[in-house]
Amino acid sequence: MSGRTEGGAKDHCGRAYSFWTGAFICSAFIASPTPAFAHASDRGHVLLLPTGYYVAGGALAVAASFLILAPVPSDFPARFWRRRLPLFAFGDGARAIASLISFAGFAILIAAGLFGSRDPLSNPLPLAIWTLLWVGLVLLQGLLGNLWSWLNPWYGPWYVVSSLFGKRQTWRPPPWLGCWPAVVLFFAFAWFELIDPAPDDPGRLAWAAGLYWLLSFAAMLVFGYRGWSRRGEFLTVFFAMVARFALLERNEDKRNEGGRKEGGRLSLCWPGAKLSDAAPLSLSGIVFLLLALSSVSFDGLSKTFFWLGLFGLNPLEFPGRTAVVGIGSLGLVLTFVLLAAAFVLAIVLGQRLAGSPHSLGRAAGLLVWSIVPIALAYHVAHYLTALLVDGQYAMAALSDPFALGWNLFGTAGMQIEAGVAAGAGSAWWLWNIQAGVIIIGHMLAVLIAHGLAWRLHPVPARAALSQFPLTVLMIAYTVFGLWLLATPAAG
């Protein structure tokens, strides 16, 4: 099975947020007998680089950004974020068509998962979901904006059904529900992707993806596309949060004199500028964002010699994912609990230092938006090698989705260059890119947190005091992230 069996290569860049499945279908797959698979390696070498210098430099960079921002005028963030460079406008007419094309491609991938090759490196379904969609699309989403609103495979079919049968009465989810359904589904699939023994098995993944699509589509018909996609479809919830960090912004609320929505204007903006007017998240939104960061962190931690050594496991003789389901489940929950506790403690201490009149819920709901650039930076850094290597496998597999000897895109016989993520030279530039992404992400998080803090505390001194504990937490997480990239891991 080309290195994806349990005793083979390291787990594939554990995409902690997984695609196309949910809590209510996980149990069926857990119980079913299946061969054990793991993901391909996200780190095929141990980085023997001056890690201490990088960690110290990263921590100092984040600390310096706080010290530089502390004395600036209180209106600086608003003036900084308000700047836009208008580009052009376009309408929503092609959105349904793009989604229908995406749905057709998704259906072909499901068929390939059921009837194509059993090798996860030859079948396009695992490669498309774990690499092209979850790694590549998240990166594009963070740069270019909410592409998912056009490319998701639900909007087009829902639009067709709504057009054929007219407007139907839908149930409006109660406000107290928040996005808890998305939280539950997100955690369930994080477990499926990180803990389940066979997340890359094409047939297993095809059933999970297909059933999740059907259940989500049924929920959209019951609660409305907008009502369910914003509360229950966890990918839409996550992608919408990531898109707020993008360099491109599209005004989707422009309407003409007749009240009809017109195409919004595309503008170039600063990273995180769309967070300047973000409303405080509810408790479910806070949990969702913290879970997004903690799950990808645990993906890296779970393979380290340190973590395995805590449970008496020899990392050089890794027993396979089936043997660590229990400790993996514990670690996934524990990582979230520790991060959530540290975040709440930082907010409470900051509120006390600043003498804030605002409630803990409002402060935490607003400042948790600063987690977005950190989560995106970890996503890019942690999964970069998977994109570079598995992206090549995906291009080859898409040319021959059913292993019938086709060559649809002329890439079926391409030579896979695994050396792009191995060797001394590659290790040096790869590590520097990963370290740089994490450090820049945390520095931008400090900038965003300061801007949000000034909305709570117009007095600069109080805003700076309120951010001191959160900045300490960000420095600690910077050190932790760089250590995860460099420490030896099983595989």
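# Why these words fit this structure

Me: R118 sits in the loop between α4 and α5. Why is R118 called partly exposed?

Reply: In this predicted model, side-chain atom pairs count only at pLDDT 80 or more and local features need at least 70, while totals for chains, interfaces and linings use all residues. Residues are numbered from 1 along each chain as its sequence is written, and side-chain values use heavy atoms, leaving out hydrogens and water. R118 has a relative accessibility of 34%. Buried means under 20% relative accessible area, exposed means over 50%, and partly exposed lies in between (1.4 Å probe, protein chains only), so R118 is partly exposed. In space, the C-alpha of R118 is 7.6 Å from that of G203, although 85 residues separate them in sequence.

Me: How do you know that L470 is buried?

Reply: L470 has a relative accessible area of 2%, so the word buried applies. L470 belongs to helix α18, residues 460-486; a helix here is a DSSP run (H or I) of at least four residues, a strand one (E) of at least two, both numbered from the N terminus. The C-alpha atoms of L470 and S370 are 9.8 Å apart, with their positions 100 residues apart in sequence.

Me: And L290, what makes it buried?

Reply: The value for L290 is 3%, and therefore L290 is buried. Its helix is α12, residues 283-301. From L290 to L339 the C-alpha distance is 7.2 Å, while along the chain they are 49 residues apart.

Me: Is L398 buried, exposed or partly exposed?

Reply: L398, in helix α16, reaches 28% relative accessibility, so it is partly exposed. L398 and A128 lie 270 residues apart along the chain, and their C-alpha atoms are 8.4 Å apart.

Me: What makes the contact between D196 and R204 a salt bridge?

Reply: A salt bridge needs a side-chain nitrogen of Lys or Arg within 4 Å of a carboxyl oxygen of Asp or Glu. D196 and R204 have an N to O distance of 2.8 Å, so the pair qualifies. Both D196 and R204 are buried.

Me: How many salt bridges does the structure hold?

Reply: There are 2 salt bridges. Besides D196 with R204, D299 pairs with K303, the closest N and O atoms being 2.4 Å apart. D299 and K303 are both buried as well.

Me: Why can L87 be part of a nonpolar surface patch?

Reply: A patch takes residues with over 30% relative accessible area and no salt bridge, joining nonpolar side chains (Val, Leu, Ile, Met, Phe, Trp, Tyr) within 5 Å and like charges within 9 Å. L87, in strand β1 (residues 84-89), has 39%, so it passes the area cut-off. L140, L143, L144, L247 and L268 join L87 in this patch of about 450 Å², an area from the Shrake-Rupley method with a 1.4 Å probe, where for residues only the protein chains shown count as cover. Helix α5, residues 124-144, gives the largest share of the patch, 3 residues.

Me: What makes the lining of the second largest pocket mostly nonpolar?

Reply: The lining has 21 nonpolar, 3 polar and no charged residues. Ala, Val, Leu, Ile, Met, Phe, Trp, Tyr, Cys and Pro count as nonpolar, Asp, Glu, Lys and Arg as charged, and the others, including Gly, as polar. The pocket has a volume of about 540 Å³. Of its 24 lining residues, the closest to the centre are S102, G105, F106, L109 and L133. Here a pocket is an open set of points on a 1 Å grid over the protein atoms alone, where a 1.4 Å probe fits, with protein on both sides within 12 Å along at least five of seven lines, and lining residues have an atom within 4 Å of a point. Points are joined across faces, edges and corners, and the volume is the space filled by probe spheres set on them. α5 supplies the largest share of the lining, 8 residues.
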